[in-house]
Amino acid sequence: MTQTEAQQINAQIDAGQIAVEVNGERRQVPQGASVAELLGLIGLAAPKVAVERNLEIVPRSAWATTPLAEGDRLEIVHFIGGG
């Protein structure tokens, strides 16, 4: 690990942020945030969303109690109705 990388990690820890990957993109979220809080930050409504965390589906009933951790990989699918 380079000194610059170490400084970046320390800055994230100091700021109370963790890095997660959402649909292939790195994001900073507050440490201790839940799946439900992440969806709120992104602005997605629950009725038409499915969430996979580290290759496992997270049931909607567990979103509020499933904390995110450094390095989590999430796939979020937003269903759009139409005809």
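1. Let me start with Thr-66, which touches Ala-33, Ser-34, Val-35, Arg-53 and Val-58, leaving out residues up to four places away in sequence. Please keep in mind as you read that this is a predicted model. Thr-66 belongs to the loop between β4 (56-57) and β5 (73-78). Its relative accessible area is 12%, so Thr-66 is buried. Closer along the chain, the side chain of Thr-66 reaches the backbone oxygen of Ala-62 at 2.6 Å.

2. The loop between β4 and β5 also holds Asp-72. Is Asp-72 buried or exposed? Asp-72 counts as buried, because its relative accessibility is 5% and the cut-off for buried is under 20%. Not counting residues up to four places away in sequence, Asp-72 touches Ala-19, Val-20, Glu-21, Arg-53, Asn-54 and Pro-67. You will notice Arg-53 among the contacts of Thr-66 and again among those of Asp-72.

3. Now for the sheet. Five strands make up an open sheet, and their order is β2-β1-β5-β3-β4 with mixed pairing. Its edge strands are β2 (25-30) and β4, each of which pairs on one side only. As general background, strands of a sheet pair through backbone hydrogen bonds, either parallel or antiparallel. Here β4 and strand β3 (residues 49-53) pair in the antiparallel sense, over two bridges. If you want a spot to look at, find Glu-52, which stands opposite Ile-57 in β4.

4. Which residues touch the most other members of the largest nonpolar core? They are Val-51 and Leu-68, in a core of 14 residues. At least two residues of this core come from each of β1 (17-22), α2 (35-42), β3 and β5. In soluble globular proteins, nonpolar side chains tend to be buried together.

5. Val-51 deserves a look of its own. Leaving aside its neighbours within four places in sequence, Val-51 is in contact with Val-35, Leu-39, Glu-56, Ile-57, Val-58, Trp-63, Leu-74, Glu-75 and Ile-76. Two of these names, Val-35 and Leu-39, return in the next point as buried residues of α2.

6. In α2, the buried residues are Val-35, Leu-38 and Leu-39. They cover an arc of only 100 degrees around the axis, and therefore sit on the same side of α2. What do the buried residues of α2 pack against? Their partners are β1, β2, β3 and β5. Turned away from the buried side, the other face of α2 carries the exposed residues Gly-40 and Leu-41. Just after α2 comes Gly-43, with a positive phi of about 90 degrees.

7. My last point concerns backbone angles in the loop between β3 and β4, where both Asn-54 and Leu-55 are found. Most residues other than glycine have a negative phi. Asn-54, though not a glycine, has a positive phi near 50 degrees. Leu-55 is not a glycine either, and its phi is positive at about 70 degrees. How exposed are these two? Asn-54 counts as partly exposed because its relative accessibility is 37%. Leu-55 has a relative accessible area of 75%, so Leu-55 is exposed. Asn-54 also connects back to the second point, since Asp-72 touches this residue.

Key
Residues are numbered from 1 along each chain as its sequence is written. This is a predicted model: local features need pLDDT of at least 70, side-chain atom pairs count only at pLDDT 80 or more; totals for chains, interfaces and linings use all residues. Side-chain values use heavy atoms; hydrogens and water are left out. Helices (H or I, at least four residues) and strands (E, at least two) are DSSP runs, numbered from the N terminus. Buried means under 20% relative accessible area, exposed over 50%, partly exposed in between (1.4 Å probe, protein chains only). A polar contact is a pair of N or O atoms within 3.5 Å; within protein, one must be able to donate a hydrogen and the other to accept it, and residues adjacent in sequence count only if both atoms are side-chain atoms. Contact means heavy atoms within 4.5 Å. Two strands pair if DSSP finds at least two bridges between them. A nonpolar core is a set of buried Ala, Val, Leu, Ile, Met, Phe, Trp, Tyr and Cys residues joined through side-chain atoms within 4.5 Å. The arc is that of the directions from the helix axis to the C-beta atoms.
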